[in-house]
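Subject: The structure you asked about

Hi there,

Here is the structure to look at, with my notes below it. Have it open beside you while you read, and write back with anything that puzzles you.

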Amino acid sequence: MVGSSRLENLPDEIFLNIISCEFHHFLEARDVVILQSLSKHFLGLCRDGNFWRNKCLSASVRERIRLYRLGSDWVDEDGATLSGASTTLGQGSLIEDQNEVHWSRLESISQLSTKRRKREQIRIAANWDPTFPNEKANWYNEYIQRHGPIAVSWFEQPQIQNGALRGQIDVSGAALYSPSSSGNELFAVSPLEDGSVCLWDVKGTRCKRGSILSKSNPGILCADGPGADLSRRSKMISTGVTECVSVDNKKHMAFFAVQSRLIEVDLQTLQVMGNHPFEWSITTLSAADPGVPLTVGTIHGLHLHDFRARVKRRDEYQMRLEAVRKNGHRDFSHVLDPRPLDPYASLAQSGPQSILHLERSGDSSQLSDDIFVAGRFSNILHYDRRMFPAIRGSIHSGAKLCGLTSLPYPFSSLNSDLRRRFQLSEEQVEKAKSVTGGRTLIACGEYNTKGSLELYGLSSGSNSIPQSRVIQESTMKNRQAASQSKLLSVINHGTRIVFSDGQGYMKWVERDGFTEVRRHKIGKSETLALRSLFGSMPGSDDIARKILSTRTAGQDGEVRVNDDDILFWTGEKLGLLSFSSKPGSSPEDFNENPRTPEEVATEEEEQMYHERMRLALERQARDVRFVQNLGAGNIHSGI
């Protein structure tokens, strides 16, 4: 106790200087985490934002040095290389030796004079810092998500009972539902292939984390309405639509795209509250917000669905639906409806895949009137809600895009590239980040069978003009290093961008779109007790078709520690990627009926038999390849 009290009497600056000394490495990051448990005083000091920001910076700079070791020199604010090496062409090995000296000096900045070392550290930190003015970042969380262990948990799989047999029901989509704006409750909402709606507890506030919270009756999500013939699976949720569900947290409503109908479900009662028909099949939905209409994308057009006016038509819809139930016929009343069709924007090319309601500059909680649409066409379409259905403009991409997100901060490809190489001064970095009215549009998809991550810098023009246009000012397209396969979904995660690809990876990159922070493969949802001959083949792992951030605000809006996990949907199941050293859960962990000793013995015997057969088949395959290499040809064809 005496030693602890003496340490607590130290000034905070001296204590932080001791634990953050870069050149002596008195304490590693894990030691600082352990130190937090001593007292509340140490807990506050050991979660100092500047300390963990410097930890993230030092690790990132070391990685940049390794990646750019054969690249161009870093230059200081005076325009001279730190090594002082000449880069004249034709010097051959001399340039290579000078570059080696340059990178070695960068790795040991302590060799520079004290004044210049401090100045270079500040300048490099300014170039690396991904945050913008007035943006709040929890650097302790950032360090955990950049360098902490990753665990993948799988949610409980819905099942259907058919006599003594039990079968699994596939999940057909995913969205997040937060019933309270100030609490930590967060639920996953998904339509199932049997036409029901299911809710999972993501945070574990009401039941076990990842377990099913509630499930509706089958068939409520059917194009013919509840009570229809459930054997006609074609009337259920389409498995080819990724953005098929959208949730309004304030009104506790969920919107489901079922073929050509938009079905509204009350998440508190799991009852259908509305069924709105469209002329063509729905391919995507925008995020639902109580302040603006929902944007619905169909095969041939875009529609604005104002669900706020639903109450006026509720009685009329319920009467019509009851008549359909009694007669057993389809509802064609909307065909003879004398009211004119709502305005819609027709598309020259079919196949919208993602709709984004762009937020206002500098505030991600407020939406602007801008709507961006991407899909199986070469351009990103731009609409203004005030002038809908007229198109305001387009951004040429050339790729087939399937995901959109945005940042309420400016983006410049030139400044981003220079900052990535730490070549800007502090004044230049501050000027680049202080651009007013700037926003960043982020898109992902496929270009020539490879993944494409694209960033577009947008500006709004003069704030005095009420209908100022959004102008594209800068473009960055990463089509070489993003992925060897198609990118499926992209979101913002802290101060980084994370996307999933067709190889089963989740990859985190800096906001420049190029610098990779880390990657992780989500693996398989099934337990690997039974090894398969094809289990290690490429493409055997699950892929994340859609990813969502599970970050929630606290009671006073504060950011909780390590509370920003990633929910993902594989097309059949739900999973959660978290940053923890504890192993993740599997669907088998939710089974209520424990196995008897006889069942365990039988399963072990089956596993041994499968293992012997697998080894025998592998041995036979090796023998066949060996004989073929000896020139025996194809032993089956007799050649």
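In this predicted model, E243 and K546 meet through their side chains in a salt bridge, with 3.0 Å from N to O. E243 sits in the loop between β7 (212-215) and β8 (245-248), while K546 belongs to strand β28 (residues 546-549), so the pair ties together parts that are 303 residues apart in sequence. The lysine is not out on the surface, either: K546 has a relative accessible area of 7% and is buried, since anything under 20% counts as buried. As a reminder of the chemistry, side chains of opposite charge can pair when their charged atoms come close. A search of the whole structure turns up 25 salt bridges.

A second group of charges is worth a visit. R385 forms a salt bridge with D369, and their closest N and O atoms are 3.5 Å apart. Here R385 lies in the loop between β18 (379-384) and β19 (391-396), and D369 lies in strand β17 (residues 363-375), so this pair links parts that are 16 residues apart in sequence. R385 counts as buried at 12% relative accessibility, whereas D369 counts as partly exposed at 23%.

Right beside R385 in the numbering, the side chains of R386 and D384 also meet in a salt bridge, at 2.8 Å from N to O. Which of these two is buried, and which is partly exposed? D384 is the buried one, with a relative accessibility of 1%, and R386 counts as partly exposed at 39%. Salt bridges with shared partners join D369, D384, R385, R386 and R392 into one network.

Next, please find strand β14 (residues 301-305). Of its 5 residues, 4 are buried, so the strand is largely enclosed by the rest of the structure. Strand β13 (residues 294-298) runs antiparallel to β14, and 4 bridges join them. The two strands form a hairpin with 2 residues between them, and within this pairing G297 has L302 in β14 as its bridge partner. β14 also pairs with strand β15 (residues 344-346), again in the antiparallel sense, over 3 bridges. In general, strands of a sheet pair through backbone hydrogen bonds, either parallel or antiparallel.

One residue of β14 that you may like to look at is H303. H303 stands opposite Y344 in β15, and at 9% relative accessibility H303 counts as buried. What does H303 contact, leaving aside its neighbours within four places in sequence? The list is F278, W280, L294, T295, V296, T298, Y344 and F388.

Further along the chain there is an open sheet of 4 strands, in the order β20-β21-β22-β23, with antiparallel pairing. β20 (400-407) and β23 (471-478) are at the edges and have a single partner strand each, so one side of each is left without a neighbour in the sheet. From one strand to the next, the twist averages 20°. Strand β22 (residues 450-459) pairs with β23 in the antiparallel sense over 7 bridges, and S459 stands opposite I471 in β23.

For a helix, try α7 (residues 114-128). With 15 residues at 1.5 Å a residue, α7 should span 21 Å, and its end C-alpha atoms are 21 Å apart, which agrees. The buried residues of α7 are R117, E120, R123, I124, A125, A126, N127 and W128. That list includes the charged residues R117, E120 and R123.

Finally, some totals for the protein as a whole. The protein has 12 helices and 30 strands. It is 639 residues in length, and 46% of them count as buried. About 32900 Å² is exposed, with carbon and sulfur atoms supplying 50% of that area. Taking contacts between residues at least 6 apart in sequence, 56% join residues at least 24 apart. The salt bridge of E243 and K546 is a good place to begin your own tour, as it ties together parts 303 residues apart in sequence.

Happy browsing, and best wishes

Technical notes. Residues are numbered from 1 along each chain as its sequence is written. This is a predicted model: local features need pLDDT of at least 70, side-chain atom pairs count only at pLDDT 80 or more; totals for chains, interfaces and linings use all residues. Side-chain values use heavy atoms; hydrogens and water are left out. Buried means under 20% relative accessible area, exposed over 50%, partly exposed in between (1.4 Å probe, protein chains only). Contact means heavy atoms within 4.5 Å. Accessible areas come from the Shrake-Rupley method with a 1.4 Å probe; for residues, only the protein chains shown count as cover. The expected span of a helix is 1.5 Å times one less than its number of residues. Two strands pair if DSSP finds at least two bridges between them. Axes are lines fitted to C-alpha atoms, for helices over the stretch in contact, and angles run from 0 to 180 degrees between N-to-C directions. A salt bridge is a side-chain nitrogen of Lys or Arg within 4 Å of a carboxyl oxygen of Asp or Glu.
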